[in-house]
Amino acid sequence: MIRNIIFDIGNVLVDFCWRDHIRSCGYTGETAGRLGAAMMQSAAWREMDRGVWPEEEVLAAFIRNDPALEKEIRRVYENLGTLIREYPGTRRWIRELKDRGYRVFYLSNFPAKVERDAGDKMSFLAEMDGGILSHRVKKIKPDSGIYLLLLEQYGLKEEESVFLDDSPANVETARKLGMQGIAVRDQAQAEEELKRLLEEQTE
């Protein structure tokens, strides 16, 4: 019986709208593509998620990825407040699940700087029963360690939990640990799949 719903945040509960953020800084076309490749799509971003490197080291790594765009990279990085935005259905979805008696958690690869700059876009986290942001524990998905930390911290049983994430690799780790898993393409699809799964559990 499913009792716990565990959500990734980016592209599940919020739009990770990095292209819009770059555009809001005044960059489009080829420059915008290069900025995305040097920053959000780079291996250094995953280290930013992990939270081990100092932030100045992360920024230096972005610049090394495309030195000709140092000024632009610094501008995009300066304030990441428009990097995410809450999906319209997020708060309703969380409340409906909680009203039905489910415990609701988050497990997300998430950098400290984004939490600082854009934390006001995630006020819905206060309505959830808890969770883990990767930078706080220095581990990132799909490392099984971060999943096990969540289960241990909140006393959750794998067989009573379902995990939703837009990364198939992250969902696969959850399944290997004994959880149900839903690979998210968009919020409407994820909500429908979760609804069917929960209905099957109560039949």
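Let me start with Glu-55, which, once its neighbours within four places in sequence are left aside, is in contact with Tyr-77, Ala-112, Lys-113 and Arg-116. I should say at once that this is a predicted model, and what follows should be heard with that in mind. With Arg-116 the contact is a polar one, in which the two side chains are joined at 2.9 Å. As for Ala-112, it is 57 residues from Glu-55 in sequence, while the C-alpha atoms of the two are 9.0 Å apart in space. Is Glu-55 buried or exposed? Neither word fits, because its relative accessible area is 27%, and that places Glu-55 in the partly exposed class.

Glu-55 belongs to helix 4, which covers residues 55–65, and I would like to stay with that helix for a moment. Its buried residues are Val-58, Leu-59, Ala-61, Phe-62 and Ile-63. An α-helix has 3.6 residues a turn, so residues three or four places apart point the same way. What covers these buried residues of helix 4? The cover includes helix 2 (29–38), helix 3 (43–50) and helix 5 (70–78).

Of these I take helix 3, whose axis comes within 9 Å of the axis of helix 4 and crosses it at roughly 170°. That angle makes helix 3 roughly antiparallel to helix 4, since anything over 145 degrees is counted that way. The contact brings together Ala-44, Trp-45 and Met-48 from helix 3 and Val-58, Ala-61 and Phe-62 from helix 4, and when these residues are sorted by class, six are nonpolar, with no polar and no charged residue among them.

Now to the sheet. Five strands make up an open sheet in the order 5-4-1-6-7, and the pairing is parallel. Why do strand 5 and strand 7 each have one side without a neighbour in the sheet? Strand 5 (131–133) and strand 7 (180–183) are at the edges and have a single partner strand each, so one side of each remains without a neighbour. From one strand to the next the twist averages 20°.

At the strand 5 edge, strand 4, residues 103–108, pairs with strand 5 in the parallel sense over three bridges, and Ser-108 is found opposite Leu-133 of strand 5. Further along the order, strand 1 and strand 6 run parallel and are joined by four bridges, with Asn-4 having Ser-161 of strand 6 as its bridge partner. Strand 6 also pairs with strand 7, again in the parallel sense and over four bridges, and here Val-162 has Gln-180 in strand 7 as its bridge partner.

Strand 6 itself is mostly covered, five of its five residues being buried. In a regular strand the side chains alternate between the two faces of the sheet. In strand 6, Ser-161, Phe-163 and Asp-165 are buried on one side, and Val-162 and Leu-164 are buried on the other.

Finally, helix 11, residues 187–202, lies across strand 1 (4–7), strand 6 (161–165) and strand 7, and runs at about 155° to strand 7. Helix 11 also packs with helix 6 (residues 90–99), at an angle of about 10° and with the axes 12 Å apart, which means that the two helices are roughly parallel. Helix 6 contributes Thr-90, Arg-92, Trp-93, Glu-96 and Leu-97 to the contact, and helix 11 contributes Gln-187, Ala-190, Glu-191, Leu-194 and Leu-198. By class, the residues of this contact divide into five nonpolar, two polar and three charged.

Note on methods:
Residues are numbered from 1 along each chain as its sequence is written. This is a predicted model: local features need pLDDT of at least 70, side-chain atom pairs count only at pLDDT 80 or more; totals for chains, interfaces and linings use all residues. Side-chain values use heavy atoms; hydrogens and water are left out. Two strands pair if DSSP finds at least two bridges between them. Axes are lines fitted to C-alpha atoms, for helices over the stretch in contact, and angles run from 0 to 180 degrees between N-to-C directions. Contact means heavy atoms within 4.5 Å. Angles under 35 degrees count as roughly parallel, over 145 as roughly antiparallel, 65 to 115 as roughly perpendicular and the rest as oblique. Ala, Val, Leu, Ile, Met, Phe, Trp, Tyr, Cys and Pro count as nonpolar, Asp, Glu, Lys and Arg as charged, and the others, Gly among them, as polar. Buried means under 20% relative accessible area, exposed over 50%, partly exposed in between (1.4 Å probe, protein chains only). A polar contact is a pair of N or O atoms within 3.5 Å; within protein, one must be able to donate a hydrogen and the other to accept it, and residues adjacent in sequence count only if both atoms are side-chain atoms.
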